[in-house]
Amino acid sequence: MLTSILHRATGLALVVGAVLVAAWLVAIGLTASGCCPQAYTLFLSFAASPFGLFIWFGLSLAGFIHLTGGIRHLIWDMGLGFELKSANALSWWGLILGIALTVGFWAVLLATGKVVL
């Protein structure tokens with residue numbers, strides 16, 4: 001039940017992420033058009049702030065947990081993993097894998113200097 005609720009909640013969080021990506025694109029457009037030359041710099045200052053990095057980390061966690069939940073649903077669509085023990089195992093592995101992928105993703109970002117704390 002928890003992973004079903006998390007799958008829906010992460011889907012909603014990803015909608016918020018889509019709004020942030022749209023804001024990023026608007027900032028690029030405003031800067032490129034010359035209408036508001038500081039729009040992109042303002043967006044980047046928010047995105048690189050500790051709060052902004054916290055938001056991006058949360059969105060990446062939501063994305064990876066939603067991805068693993070979707071894979072679980074694909075397995076179920078094939079008619080596999082419906083037994084209680086298998087369903088619980090798939091749920092736990094999906095959560096663990098989602099967290100591990102998020103930590104690995106951010107480790108790579110930090111190690112390559114793409115994100116600086």
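Helix H4 has 28 residues, which at 1.5 Å a residue should span 40 Å, and its end C-alpha atoms are indeed 40 Å apart. The expected span is 1.5 Å times one less than the number of residues. Helices here are DSSP runs of H or I with at least four residues, strands are runs of E with at least two, and both are numbered from the N terminus. This is a predicted model, in which local features need pLDDT of at least 70 and side-chain atom pairs count only at pLDDT 80 or more, while totals for chains, interfaces and linings use all residues. Residues are numbered from 1 along each chain as its sequence is written, and side-chain values use heavy atoms, with hydrogens and water left out.

The buried residues of H4 are Ala87, Ser91, Gly94, Leu95, Gly98, Thr102, Trp106 and Leu109. Buried means under 20% relative accessible area, exposed means over 50%, and partly exposed lies in between (1.4 Å probe, protein chains only). H1 and H3 are among the elements that cover the buried residues of H4. Leu97 also belongs to H4, but it counts as partly exposed because its relative accessibility is 43%. From Leu97 to Leu84 the C-alpha distance is 20 Å, over 13 residues of sequence. Just after H4, Gly113 has a positive phi of about 80 degrees.

Helix H1 covers residues 2–33, and its 46 Å reach from first to last C-alpha is close to the 46 Å expected. Its buried residues are Thr3, His7, Thr10, Gly17, Leu20 and Ala27. These pack against helices H2 (39–47), H3 (50–77) and H4 (84–111). Gly34, just after H1, takes a positive phi of about 85 degrees.

The two helices can be set side by side.

| Helix | Residues | C-alpha end to end | Expected span |
|---|---|---|---|
| H1 | 32 residues | 46 Å | 46 Å |
| H4 | 28 residues | 40 Å | 40 Å |

Tyr40 lies in helix H2. With a relative accessible area of 29%, Tyr40 is partly exposed. Leaving aside residues up to four places away in sequence, Tyr40 touches Trp24, Ala27, Ile28 and Thr31; a contact means heavy atoms within 4.5 Å. Tyr40 and Lys114 are 74 residues apart along the chain, and their C-alpha atoms are 17 Å apart.

The chain as a whole has four helices and zero strands. Of its 117 residues, 25% count as buried. Its radius of gyration is 18 Å, whereas a compact globule of 117 residues would have one near 13 Å. That radius is taken over C-alpha atoms, and the globule rule is 2.2 Å times the number of residues to the power 0.38. The C-alpha trace spans about 60 × 30 × 20 Å along its principal axes. Of the contacts between residues at least 6 apart in sequence, 62% join residues at least 24 apart.

There is one cavity of 30 Å³ or more. On a 1 Å grid over the protein atoms alone, a cavity is a set of points where a 1.4 Å probe fits but cannot get out, and lining residues have an atom within 4 Å of a point. The largest cavity holds about 50 Å³. Its lining includes Thr3, His7, Arg72 and Ser91. H1, H3 and H4 each supply at least two lining residues, and H3 gives the most, with four.

Terms used. On a 1 Å grid over the protein atoms alone, a cavity is a set of points where a 1.4 Å probe fits but cannot get out, and a pocket is an open set with protein on both sides within 12 Å along at least five of seven lines; lining residues have an atom within 4 Å of a point. Grid points are joined across faces, edges and corners, and a volume is the space filled by probe spheres set on the points.
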